[in-house]
Amino acid sequence: MVREQILGRGIDEPRLLEAFLSVPRHAFVDEALSSRAYGDTALPIGAGQTLSQPYIVARMVQLGAPQPGQRVLEIGTGSGYQAAILARLGAEVFTVERHASLGRRAGENWARAMVPGITQKIADGTLGWARHAPFDVILVSAAAPAVPMPLLRQLSAAGRMIVPVGSAVRQVLKRLTRTTDGAQVEDFDSCSFVRLIGRAGFDA
Ligand code: SAH
């Protein structure tokens, strides 16, 4: 998985590759799917949601570039896999999920993969997590119809938000870097995430 799907597609930061090598992806999917855990695809995780393709997780983390000790907010805990990668990179990880059943399972997955120290809550993540703001990096791992403004306001000076923006079927991965008078916006990969549902997202 790491050699062909991540390194093979140009993501070569040693720190990042090491994090992917050290987190067992099969601990984050149902046992019945464990033989497909390292395949080049997204996988179902229940509640109609998916764990993103390994490359897309790597790309989001690469673009966000969290440094050890930095505060990272993830919207869309899902299986907990991406949060585990962020924790292995030494970030202080906060993650929000709207489905309680997924949040509970993510907690079990972190225990199984022996990744401690992730702080999570069940809520509408489009509103961010004001109590722990500001964040150096915000990763939105669900498709947004537009950049969620409450999240932009919770970025630290020079903080970065990675967010797929577009329709419910197709999005562009964007990076917004906070500046003194707003944000600098860059477009990256075309992608297809499940919908971000909430006040600053799609309607349910
Ligand atoms: N990062 C996850 C995959 C996320 S899939 C992983 O590593 O497995 C997208 C997730 O976003 C889904 O679990 C979905 O329920 C969640 N989601 C959608 N809208 C949300 C919102 N407003 N707040 C929090 N989570 C949300």
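**Ser79 and the ligand shell**

Me: What makes the link from the side chain of Ser79 to the backbone nitrogen of Tyr81 a polar contact?
Reply: The separation is 3.2 Å. A polar contact is a pair of N or O atoms within 3.5 Å (within protein, one must be able to donate a hydrogen and the other to accept it, and residues adjacent in sequence count only if both atoms are side-chain atoms), so this pair qualifies. Mind that this is a predicted model, where local features need pLDDT of at least 70, side-chain atom pairs count only at pLDDT 80 or more, and totals for chains, interfaces and linings use all residues. Residues are numbered from 1 along each chain as its sequence is written, and side-chain values use heavy atoms, with hydrogens and water left out.

Me: Why is Ser79 called buried?
Reply: Its relative accessibility is 6%, and buried means under 20% (exposed is over 50%, partly exposed in between; 1.4 Å probe, protein chains only), so the label fits Ser79.

Me: Which residues beyond four places in sequence are in contact with Ser79?
Reply: Phe28, Ile45, Leu51, Ala106 and Asn109, with contact meaning heavy atoms within 4.5 Å.

Me: How do you know that the ligand makes polar contacts with Gly76, Asp124 and Ile197?
Reply: A ligand nitrogen lies 3.0 Å from a polar backbone atom of Gly76. For the side chain of Asp124, an N or O atom is 3.0 Å from a ligand nitrogen, and a polar backbone atom of Ile197 is 2.6 Å from one. These distances fall within the cut-off, so each pair counts.
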